[in-house]
Each structure stands twice: as structure tokens, then as C-alpha cells.
Amino acid sequence: MGRKRIHSLTPEQQELADLKQENYQLKMENAVLKKLKALVDQRTKKNKRQ
């Protein structure tokens with residue numbers, strides 16, 4: 001998943017890269033959870049009407 005780098009990163013650069021990766025993963029997780037909540041809410045509203 002990660003890219004191989006020819007040049008080594010400084011500890012600060014590595015930490016920044018790690019934080020960017022974690023931020024991306026958390027954003028994706030948040031998007032999935034929001035979509036799931038919307039689907040559950042939609043289903044709940046549909047069931048209440050019946």
C-alpha cells in the first residue's frame with residue numbers, strides 16, 4: 001500500500017506523512033459512517049410511515 005522511497009525521510013517528514021495518512025483514513029471512515037447513518041435514518045423513517 002505504501003510507496004517505496006529511494007530517499008529516506010527525516011523523522012519530522014515521516015511523522016507528517018504518517019499523520020497525513022491517518023487523517024485520510026479517518027476522513028474515509030467518517031464518510032462511510034455518515035453514509036451508513038443516512039441509510040439507517042432513511043430506513044427508520046420508511047418503517048415509521050408503515
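**Exercise 1. Identify the residues that form the positive surface patch in this predicted model, and place Lys45 within the fold.**

Step 1. In this predicted model, Arg43, Lys45, Lys46 and Arg49 together make up a positive patch on the surface.

Step 2. Lys45 belongs to helix 1.

Step 3. The relative accessibility of Lys45 is 56%. Exposed means over 50%, so Lys45 is classed as exposed.

**Exercise 2. Identify the residues that gather in the patch of negative charge, and decide whether Asp18 is buried, partly exposed or exposed.**

Step 1. The negative patch on the surface brings together Glu12, Glu15, Asp18 and Glu22.

Step 2. Asp18 is located in helix 1, which covers residues 11-49.

Step 3. For Asp18 the relative accessible area is 43%. Partly exposed lies between the limits of 20% and 50%, and Asp18 is therefore partly exposed.

**Exercise 3. Find the salt bridge of the structure and explain how its two partners are placed in helix 1.**

Step 1. Searching the whole structure yields 1 salt bridge.

Step 2. This contact joins the side chains of Lys37 and Asp41, with an N to O distance of 2.7 Å.

Step 3. Lys37 and Asp41 are 4 residues apart in helix 1, so about one helical turn separates them.

Step 4. The accessibility of each partner can then be assigned. Asp41 has a relative accessibility of 32% and is partly exposed, while Lys37 has 51% and counts as exposed.

**Exercise 4. Determine which residues form the nonpolar surface patch, and classify Leu33 by its accessibility.**

Step 1. The nonpolar patch consists of Leu33, Leu36 and Val40. Together these residues have about 270 Å² of accessible area.

Step 2. Leu33 is situated in helix 1.

Step 3. With a relative accessibility of 46%, Leu33 is classed as partly exposed.

Step 4. Patch members must have over 30% relative accessible area, and the value for Leu33 is 46%.

**Exercise 5. Describe the secondary structure of the protein and the surface that it exposes.**

Step 1. The secondary structure amounts to 1 helix and 0 strands. Helix 1 runs over residues 11-49.

Step 2. The protein has 50 residues, of which 0% count as buried. The cut-off for this class is a relative accessible area under 20%.

Step 3. About 5,500 Å² of the protein is exposed, and 55% of this area is supplied by carbon and sulfur atoms.

How values were computed:
Residues numbered from 1 in each chain as written. Predicted model: local features only at pLDDT ≥ 70, side-chain atom pairs only at ≥ 80, totals over all residues. Heavy atoms only, no water. Patch = residues over 30% accessible without salt bridge, like charges linked within 9 Å, V, L, I, M, F, W, Y side chains within 5 Å. Areas by Shrake-Rupley, 256 points an atom, 1.4 Å probe, with all protein chains shown as cover. Salt bridge = Lys/Arg side-chain N within 4 Å of Asp/Glu carboxyl O. Lys, Arg positive; Asp, Glu negative; His and termini not counted. Charge placed at Lys NZ, Arg CZ, Asp CG, Glu CD. Helix = DSSP H or I, 4+ residues; strand = E, 2+ residues; numbered from the N terminus. Buried < 20%, exposed > 50% of the residue type's maximum accessible area, 1.4 Å probe, protein only.
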